[in-house]
Amino acid sequence: MAEINYCVEQLKKLCAIDSPSGFTERAADYLLEELTRLGYAPKKTRKGGVAVCLGGSVADPQEPDGLLLMAHVDTLGAVVQSIKGNGRLKLSPVGGLQAENCEAENCVIYTREGKTFTGCLQLCDASAHVNREYGEKKRQFAGMEVVIDEPVKKPEDTRKLGIEVGDFVCFSPRTVVTESGYIKSRFLDDKLSAAILLAYAKELKEKNATLKRKVYLHFTVYEEVGHGAAASVPEDVSEIVSVDMGCVGEGLQCTEREVSICAKDSGGPYDYTVTTALVQAAKQAGASFAVDVYPYYGSDAEAALSAGYDVRHGLIGPGVYASHGYERSHVDGAENTLKLLWAYTVK
């Protein structure tokens, strides 16, 4: 599809904006700016997400059939839990951040005064030539520390920099797109799907496409902590579809080059009618897809249902391997997701 290059460029730009849950204002502002540039009228929600109507109409006001497509731009991250006696930082993770996946990862500390400092998360006593038990130590945040790239030796030194408890610590995404089309980065969950929705909105506008029904986008900012879509569902919406990462792993059918359609996750089955319609749309579009059951997963769609919204729900997304770590997908997975969305929504 024509918009895949735009999608990849938007992914790079989004990944370059640090945005762990609770620290997403810059990412939301970027989305507002880009959607406005594309010709839409987005608005920021009270929770800090970004909502926009892409067009279309409700056929029967008595039986509204609006569709809400959702992706999230909040990511995993951490905050400073305490400043240690040696001036280094103990972290409290935000979302499902895994200590094992962050060891020796570069990071940025954001102070409340607007200053930034770099550092690296290391195992305590991380020199293998000094610590004979280095390999046997369990990787947990309690036994790890951020080594700040400043000459700090005690808590007073660190506090003089302006670093305090509660400051956000953001890890380097290390975004790479290979010549063979593989996309490697932290936070493809879910910035890849956010980029896909931007590409979808761009193509709708440029082709002046006619939508089958009224369609909204909502870029949520608290998905990784469980309540991203627990608000801001428009009154005329009867169906919500989370466009999130598709799981790739042992026992599942999906690869990084396909769009995944989730039939069930740890929150239960997705709406049968919606899931069936998504499968039919993928077939109609000639999109390479897989239907899978995710064993350990929760989505924005389920957050909306838990909040009491009376809507049908579904979940799709490009296949992503090594979720919540250094993740990998492929441009084909993004393209197949775009194909499905187009067939599902455009006349």
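In this predicted model, strands β3 (residues 66-72) and β13 run parallel and are joined by five bridges. Within this pairing, L68 has I240 of β13 as its bridge partner. Strand β13 also pairs with β18 (residues 312-321), again in the parallel sense and over five bridges. Here S242 stands opposite L315 of β18. The two pairings of β13 are listed below.

| Strand paired with β13 | Sense | Bridges | Residue pair |
|---|---|---|---|
| β3 (residues 66-72) | parallel | five | L68 and I240 |
| β18 (residues 312-321) | parallel | five | S242 and L315 |

As for solvent exposure, β13 (residues 237-243) is mostly covered, with seven of its seven residues buried.

Helix α7 covers residues 331-345. Its 15 residues, at 1.5 Å a residue, should span 21 Å, and the end C-alpha atoms are 21 Å apart, so the expected and computed values agree. The helix is mostly covered, since 12 of its 15 residues are buried. Among them are V331, G333 and A334 towards the start of the numbering, and W342, A343, Y344 and T345 at the other end. N336, T337, L338, L340 and L341 are buried as well.

A single residue of helix α2 (residues 25-37) can be described in the same terms: E34 lies in this helix. Its relative accessibility is 7%, and because buried means under 20%, E34 counts as buried. Beyond its neighbours within four places in sequence, E34 is in contact with Y6, Q10 and L198.

Key
Residues are numbered from 1 along each chain as its sequence is written. This is a predicted model: local features need pLDDT of at least 70, side-chain atom pairs count only at pLDDT 80 or more; totals for chains, interfaces and linings use all residues. Side-chain values use heavy atoms; hydrogens and water are left out. Helices (H or I, at least four residues) and strands (E, at least two) are DSSP runs, numbered from the N terminus. Buried means under 20% relative accessible area, exposed over 50%, partly exposed in between (1.4 Å probe, protein chains only). Contact means heavy atoms within 4.5 Å. The expected span of a helix is 1.5 Å times one less than its number of residues. Two strands pair if DSSP finds at least two bridges between them.
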